[in-house]
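Work through the exercises below with the sequence and the model side by side. Try each task before you read its solution.

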Amino acid sequence: MPSEFSKALNGVKVKHCKNTSASESVRMPVPDRVVIPMIQHMGAPCTPLVKVKDTVTVGQRIGDSDAFMSSPIFSSVSGTVAEISDFVTSSGAKCKAVVIAADKEQTVCPDLQPPVVNSHADLIKAVRDCGLVGLGGAGFPTHIKLNPKNLSEVKTLVVNGAECEPYLTCDLRLMLEQTDKLVKGIEIVKKYLELDEAIIAIEDNKPEAIAKLTEATASMDGVSVKTLRSKYPQGAEKVIIFECTGKVVPEGKLPADVGVIVDNVATLTKIADYLETGMPLVEKLITVDGSAIAEPKNVIAPLGASYKDIIAFCGGYKTEPRKIIMGGPMMGIVVTSDDAPLLKNNNGILAFDEKDSVQEPETACIRCGRCMRACPFNLAPAQLDKAYRSGNVDKLRALKVNLCMECGCCAYVCPAKRDLVMSNRLGKQLLREQSN
Amino acid sequence: MENKLIVTPSPHVKDGVSTSSIMMNVAAAMVPAAIAATLIFGVRALVLVLVSVAFSVFFEYIYRKLMHLDCTISDWSAVVTGMLIAFNVPSTLPVWMVILADAMAIIVVKQLFGGIGDNFVNPAIAARIFLLISFSGRMTTWADPINFVGGPVDAVSGATPLAILTAADAKVSDAPDMINMLLGIRGGSLGETCAIALLVGGIYLIWKKVITATIPVTVLVTVFVMSLVTGLNPWYMLVSGGTMLGAFFMATDYVTSPVREPGKVIYGIGIGVITVLIRAYGTYPEGMSFAIMLMNIVTPHIDGAIKKMPFGGVSK
């Protein structure tokens, strides 16, 4: 049995820096060129379905795979395929990318039409055809998440509107601007998965969203809004499940195993949108911010648009950027150039100036214990760091490095500036290599 | 973009606390006691503190330099060690003995074991014990506190309250009263006598979240309870000897104390028990430093025994 937890999980108080909370989302103009990689999800890469010089339309399927764990990819612009190039993802995986020269007409694919959904199976097919993946950041294919083996045991949908990462406000804007679609999406999932309840979880630093969703769901049965304390990482899957239901997802199990499914607000909103319009996932609402950005704002950008084009739409760089991050500052991944394309699971682009980019050098661990007090999962990051650096696989296993979700709380508080998250990431890899 | 982008692992923001900011806070927390020591024992106390800090930093610098290691003096830990060493000696101690203690603490106890983070006992405690055993006479030659009205009185070689109280023919009436004990107007090591100044510094450290209250509270409660058990005056035991200095500043050294809170409780109880046992039954009148050093040594075992099941962890 998992250990019983009666008290709140640890975590850290981060500076919110939600500078763009009041910035209504704006759609950027179609860029000249988009680069659409064939991996934008957890799972197998897609195979391009188009050739160079093919004409493509908005919403046309340009990549798909027969693999179970995958998600189809659609063109976000109309135009001509200029190139099928090689692409390396942030995790180092290699795949193809379809490069499209946009004609700026945005001709919609004629085959698109709203799907007919009358059953759970219809919904799963529709969600796959929409190319939907977890939009909160992980990119887990949604049609797999909504189709767990133990469907009859799943009773609760947790709607993740925590948005605990600093800077990011796109989920807040979505909750405010597309409230009805979000509620519709929740209703659809709750209905076809035959769930008892849906809990919309929002951090208390977003009172407008809490008020608006409380009002919108007031008359609905089994749908409630849960106010979370603002504390990082409230939006992490296992944390939000615990906060909303008191359930602990045991090691090696999925949320569905404890009867819960967690979906991000953006994911659920897109489900409703797809059922209404038939337009698959071709654009994304993201937050663009950071000390090097001239005009931080929330932008609706076509997938595959380069960071450079998106940032140009935000007034360009105020100062020379020294670090560009996809995602939030706690878990986001750096890109090596602003030619990087926008992917399905990106929810923010942050560009920082010199001062905010340079990391202080690592010094010796002074055993202050701050990392242990910060870790939401009660791990011992300092000991894991030591175990990894000495290659002690048994110790890594005993200290359960596999449970680390890489939220970054430990490294955030470390006074010796040690790369504790990196050690855990590499420690997990070492453990995997050893068990193979 | 002219320069290449910086690539680092997440997280990309930090909370601003660094090793040096922590150590600076500890040094700042000791300032009230240093001022009190100067007022109580005269300028010589301040001189010893400054000399000790200077030489601790010097020894750290020169060792790291000669060994071709990164210079670590900017982390302020040598400053803290230097202050603690001075706090642990009588104001009458010859300057060269203080410098020798600095060398012992920084070079032998700290650097030879790998520098900050790797020493297995608190360097300042080890230095104090080294001095006490090597120069017992000089280490127990106490200057009487300055008479606040009439200037310094050089009645040297007075006994400390603990020595008075724990001697075979103890007469409570010979020891200073509680008010003087709290203010620190008594014989003793220069930084340990003013309980109020140490308490102010300790509370500052807890308020600044540099330390948690666990170790000081368990040490003090245990000393109190054990004093009752062994028939000593519990209130008196709390403010005499090195109890306050030890509980707030020496026992709480991160490197040599357990990291998890339950471990800190065991550690604190251990220090309290050993301290009072030495005071009540041992040859030495004071046992705080021995108690801390002994518990420093068992700290890795305490840490090993305190296991916390991670969230969602399943025992196999």
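**Exercise 1. Place B:P310 and decide whether it is buried or exposed.**

Step 1. Find the segment. B:P310 sits after α14 of chain B. Helices here are DSSP runs of H or I with at least four residues, strands are runs of E with at least two, and both are numbered from the N terminus.

Step 2. Note what kind of model this is. It is a predicted model, where local features need pLDDT of at least 70, side-chain atom pairs count only at pLDDT 80 or more, and totals for chains, interfaces and linings use all residues. Residues are numbered from 1 along each chain as its sequence is written, and chains are lettered from A and ligands numbered from 1 in the order in which they are written.

Step 3. Count neighbours. B:P310 has 22 C-beta neighbours inside 10 Å, so it counts as buried. The rule: 20 or more other C-beta atoms within 10 Å means buried, 12 or fewer means exposed, and in between means partly exposed, with C-beta atoms placed from the backbone.

Step 4. List the contacts. Leave aside neighbours within four places in sequence; B:P310 then touches A:F377, A:N378, A:L379, A:K400 and A:L403. Contact means that the C-beta atoms of two residues, placed from the backbone, lie within 7 Å.

Step 5. Compare sequence and space. B:P310 and B:V225 are 85 residues apart in sequence, and their C-alpha atoms are 34 Å apart.

**Exercise 2. How many residues does each chain give to the contact between chain A and chain B?**

Step 1. Take the totals. Chain B gives 33 residues and chain A gives 53.

Step 2. Sort the chain B side by class. The side that touches chain A has 17 nonpolar, 10 polar and 6 charged residues. Ala, Val, Leu, Ile, Met, Phe, Trp, Tyr, Cys and Pro count as nonpolar; Asp, Glu, Lys and Arg count as charged; the others, Gly among them, count as polar.

**Exercise 3. Where is A:K400, and what is its phi?**

Step 1. Locate A:K400. This residue is in the loop between α12 (393–398) and α13 (409–413) of chain A.

Step 2. Read the angle. Phi of A:K400 is near 60°, a positive value in a residue that is not glycine.

Step 3. Check burial. A:K400 counts as buried because it has 22 C-beta neighbours inside 10 Å.

Step 4. Repeat for A:K417. Its phi is positive too, about 55°, and it is not a glycine. A:K417 lies in the loop between α13 and α14 (420–435) of chain A. With 16 other C-beta atoms within 10 Å, A:K417 is partly exposed.

**Exercise 4. Describe how α5(B) packs against α3(B) and α14(B).**

Step 1. Start with α3 (residues 77–87) and α5 (residues 123–134) of chain B. They pack at about 30°, with axes 9 Å apart. Axes are lines fitted to C-alpha atoms, for helices over the stretch in contact, and angles run from 0 to 180 degrees between N-to-C directions.

Step 2. Name the arrangement. α3(B) and α5(B) are therefore roughly parallel. Angles under 35 degrees count as roughly parallel, over 145 as roughly antiparallel, 65 to 115 as roughly perpendicular, and the rest as oblique.

Step 3. Find the residues. B:T81, B:L84 and B:I85 of α3(B) meet B:P123, B:A124 and B:A127 of α5(B). By class, this contact has 5 nonpolar, 1 polar and no charged residues.

Step 4. Turn to α14 (residues 288–305) of chain B. α5(B) and α14(B) pack at about 130°, and their axes are 10 Å apart. The pair is therefore oblique.

Step 5. Find these residues as well. B:I125, B:A126, B:R128 and B:I129 of α5(B) meet B:S289, B:F290, B:I292 and B:M293 of α14(B). They divide into 6 nonpolar, 1 polar and 1 charged.

Step 6. Finish with B:L132, which is in α5 of chain B. It is partly exposed, with 18 other C-beta atoms within 10 Å.

**Exercise 5. Which two peptide bonds are cis?**

Step 1. In chain A, take the bond from A:Y232 to A:P233. It is cis, with omega near -5°. A:P233 lies in the loop between β11 (223–228) and α6 (237–245) of chain A.

Step 2. In chain B, take the bond joining B:S10 and B:P11. It is cis, with omega about -5°. B:P11 lies in the segment before α1 (19–41) of chain B.
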